[in-house]
Amino acid sequence: MVEIETAPPDFDDGADATIRECLNPAAPKSFFLYAGAGSGKTRSLKNALDGFRDAHGAAFRRLGKKIAVITYTNAAADEIAERVGQDSLFPISTIHSFCWRHIETYHSDIQAWLLETLPANLTDLHEKQTKGRAGTKAALDRERAIASTTRRLEWLSLPRRFTYNPNGDNFGQDSLSHSEVLKITAAFIETKPSMRTVLVNKYPLLLIDESQDTNKTLLEAFFSLAAANQGKFGIGLFGDTMQRIFLDGHPELERLVPDSWARPVKRLNHRSPQRVVALGNVLRAPIDGQYQLARDDSDAGIVRLFVASSTTPDKPSLEQRVRDRMADLCGDPEWRDEAEVKTLTLEHHMAASRRGFLEMFQALDRDSRLSTGLRTGEIAGLRLFTERVAPLVAAARAKDEFAVMAHLRATSPLLQRSAVAQSTNPDDPLLPIRLGVNALLALNPDSPTTTFLSILECVAEHRLFEIPAALQPFVADEAGAAATDVEAIADEEEMDTDEEATEPSPASLEAWRAFLETPYRQAVPYAEYVSDRGPFGTHQGVKGLEFERVLVILDDSDARGFLFSYEKLFGAKPLSDTDRKHVADATDGGITRTRRLLYVTCTRAEKSLALVTYTEDPDALVAAVLRNEWFDPDEVERL
Ligand SMILES: Nc1ncnc2c1ncn2[C@@H]1O[C@H](COP(=O)(O)OP(=O)(O)OP(=O)(O)O)[C@@H](O)[C@H]1O
């Protein structure tokens with residue numbers, strides 16, 4: 001077993017002092033704080049802002065200057081705002097809304113960028129189409145992308161204005177996709193002196209949290225802005241490469257950081273007991289060799305690995321046994337209570353099967369390019385059901401007319417002012433809405449026989465909501481014509497650029513068709529899962545959070561694939577040639593990704609940690625983990 005070093009709680013205090021020196025309004029300096037889980041990065045961010053406000057806040061305010069704080073998700077932005085307090089000196093926003101705010105008035109430049117970029121994309125698509133095999137899924141997708149890009153270029157032949165919603169789906173020719181907004185901002189930062197001047201003057205300091213997941217093109221643009229404005233503009237990056245989850249992030253960020261930047265170091269883990277810190281170090285060792293120290297006032301902590309057969313018939317009851325056993329081992333009765341334990345899975349199918357949304361999940365998971373969006377809930381075709389239909393059904397069921405109208409006002413084309421003004425029934429302009437909502441309820445959305453397709457058809461017929469591009473082929477033409485989102489498909493493709501995406505998979509049309517035939521009622525538990533409201537946490541959702549008792553479940557039996565193969569990670573199954581190549585090249589294969597996810601989940605534990613593995617070969621797994629020295633023999637239990 002790896003021994004763990006300890007150090008006093010103030011061991012890393014020098015890092016905060018270094019950051020304080022960088023946040024100097026007279027000479028802002030860039031810095032890079034990359035440190036392991038629980039090392040207090042978020043706390044350092046808060047300390048930095050508090051310290052800055054005390055020392056320089058008043059003068060900075062008088063000059064109209066601010067420190068921009070950028071996060072990855074709205075939840076993270078809220079979390080920081082809560083910790084630091086709302087203050088106009090420190091506008092906190094997600095990367096997407098930050099970018100949009102800075103480009104939203106540049107309509108003609110955006111148009112020029114699209115007119116320059118889209119023809120190149122089109123040429124590329126045509127070339128690939130000529131070279132590629134006809135009749136394959138990829139060929140079909142390319143054909144659709146060619147058609148939509150061509151339509152968009154035609155639309156761009158007149159001067160246009162653009163829209164964008166950082167928090168939602170972007171429908172229509174005039175709306176930009178999430179990835180376009182990031183790319184356009186990066187391009188403008190590189191090429192537009194006015195944009196550079198505004199950024200540098202208004203935000204002499206830009207702090208980016210979770211920067212391991214920040215879009216790489218954009219980061220590179222910020223780097224070049226900092227390099228050209230040394231002494232006037234600085235960036236502070238907070239993050240941890242080991243906790244990179246999204247594929248958009250920069251895999252080799254550390255290499256980009258110039259020598260002139262400060263590099264505050266934090267090595268002490270303030271969150272977890274010694275045994276958990278040691279396990280984190282073992283998981284991390286092959287990636288970058290960074291290891292953490294535990295606090296000298298920390299508990300020893302308890303970690304257990306429970307090994308069970310993947311054919312275990314009743315997994316929930318086995319997991320209750322695990323919790324009971326942990327309660328005894330830790331002398332902590334709260335382990336017995338499911339609500340007091342955070343259960344985390346690496347494998348989404350398992351959560352899907354237990355929470356009752358397996359069919360819809362599996363249907364869409366057939367297309368590997370949808371897989372990232374499926375796991376984060378960010379596919380427009382799904383959000384139609386989870387964010388539009390489901391809240392409407394819930395409000396209508398509860399006979400809460402106010403909520404129905406508020407929801408429709410925010411989301412439905414039926415309630416846009418122009419639609420109401422043009423209503424064919426001026427005496428009762430809301431009649432179409434009532435008809436639509438009643439038709440939806442008449443379908444009995446809770447019934448296991450009501451499919452997504454029947455709900456979709458109803459939505460389209462009554463024009464309750466716009467139909468995202470991916471679903472338009474499944475509804476009558478005139479209904480689908482309400483929305484033409486030329487970017488939606490391209491976006492979904494872009495979300496998953498990993499190597500597994502090149503594996504042959506059924507066409508996305510096929511995946512959507514299969515999905516539409518599954519029961520609509522699965523949408524609600526799915527939405528709970530991806531938004532992290534259910535009892536099972538997603539690894540994306542728990543990044544940055546901490547829980548006293550953590551139960552990590554590893555189950556390849558339902559995994560349908562190699563994305564999260566923990567049996568290989570543990571050494572219980574041999575690596576494939578591709579895996580070996582990734583490991584040798586230090587590139588990002590499934591094994592590395594699994595390792596990072598395991599690291600993120602295990603390092604959430606503040607007191608004790610249990611891992612349950614379901615495996616085809618319990619003996620091999622036990623032998624492998626003991627051989628790897630991840631666990632002591634008395635920490636491994638066969639169930
Ligand atoms: N110097 C400190 N003294 C006491 N507690 C601390 C200190 N720094 C951090 N902590 C506590 O340790 C825990 C982890 O801190 P924080 O969330 O800031 O870490 P992090 O590096 O952002 O973690 P992660 O990357 O895992 O999300 C929190 O409970 C925090 O309050």
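The protein, seen here as a predicted model, has 29 helices and 14 strands. Buried residues account for 44% of its 639 residues. Among contacts between residues at least 6 apart in sequence, 75% join residues at least 24 apart.

Two of the sheets can be followed strand by strand. One is an open sheet of five strands, arranged in the order E2-E6-E5-E3-E4 with parallel pairing. Its edges are formed by strand E2 (31-34) and strand E4 (92-94), each of which pairs on one side only. On average, neighbouring strands of this sheet are turned by 20° against each other, direction ignored. Within the sheet, strand E5 (residues 205-208) runs parallel to strand E6 (residues 234-239), and four bridges join the two. Leu207 offers a handy landmark here, as it stands opposite Gly236 in E6.

Helices lie across this sheet as well. Helix H1 (residues 13-22) lies across E2 and E6 and runs at about 155° to E2. Helix H3 (residues 74-84), in turn, lies across strand E3 (67-71) and E4, at about 170° to E4.

The other sheet is open too, with three strands in the order E1-E8-E7 and parallel pairing. Strand E1 (6-7) and strand E7 (268-269) are at the edges with a single partner strand each, so one side of each has no neighbour in the sheet. Two bridges hold the parallel pair of E1 and strand E8 (residues 293-295), and in this pair Ala7 stands opposite Arg295 of E8.

Turning to the nonpolar interior, the largest core has 56 residues. The residues with the most contacts inside this core are Leu33, Ile67, Val69, Ile70, Val181, Leu206 and Leu207. Helix H7 (residues 178-191) supplies the largest share of the core, seven residues. What does Leu207 touch, leaving aside residues up to four places away in sequence? Its contacts are Leu45, Ile67, Val69, Ile70, Gly236 and Phe238. Gly236 is thus met twice, as a contact of Leu207 and as the residue opposite Leu207 in E6. Another core, of 48 residues, lies apart from the largest one and includes Leu358, Phe385, Ala470 and Leu471.

The ligand has 15 residues around it, and those that come nearest are Ala37, Gly40, Lys41, Thr42 and His270. By class, this shell is made up of two nonpolar, eight polar and five charged residues.

Strand E9 (residues 302-309) has two parallel partners that are worth a closer look. With strand E13 (residues 605-615), E9 pairs in the parallel sense over eight bridges, and Val303 has Leu609 of E13 as its bridge partner. With strand E14 (residues 636-638), the parallel pairing of E9 extends over three bridges; here Phe306 stands opposite Glu637. Six of the eight residues of E9 are buried, so this strand is largely enclosed by the rest of the structure.

Helix H24 (residues 523-530) is likewise largely enclosed by the rest of the structure, because seven of its eight residues are buried. The buried residues of H24 are Ala523, Val524, Pro525, Tyr526, Ala527, Tyr529 and Val530.

A few single residues complete the picture. Thr150 is part of helix H6 (residues 137-155). Is Thr150 buried, exposed or partly exposed? Its 15 C-beta neighbours inside 10 Å make Thr150 partly exposed. Although Thr150 and Leu118 are 32 residues apart in sequence, their C-alpha atoms are 8.6 Å apart in space.

Most residues other than glycine have a negative phi, which sets the scene for two loop residues. Asn444, in the loop between helix H19 (431-442) and helix H20 (452-461), is not a glycine yet has a positive phi of about 60°. Asn444 counts as partly exposed, with 13 C-beta neighbours inside 10 Å. Arg463, found in the loop between H20 and helix H21 (477-480), has a positive phi as well, near 50°. Arg463 has 18 C-beta neighbours inside 10 Å and therefore counts as partly exposed.

Key. Residues numbered from 1 in each chain as written. Predicted model: local features only at pLDDT ≥ 70, side-chain atom pairs only at ≥ 80, totals over all residues. Core = buried A, V, L, I, M, F, W, Y, C linked by C-beta atoms within 7 Å. Buried ≥ 20, exposed ≤ 12 C-beta atoms within 10 Å, placed from the backbone. Contact = placed C-beta atoms within 7 Å. Near = placed C-beta within 6 Å. Nonpolar A, V, L, I, M, F, W, Y, C, P; charged D, E, K, R; others polar. Pairing = 2+ DSSP bridges. Axes fitted to C-alpha atoms, helices over the stretch in contact; angles between N-to-C directions.
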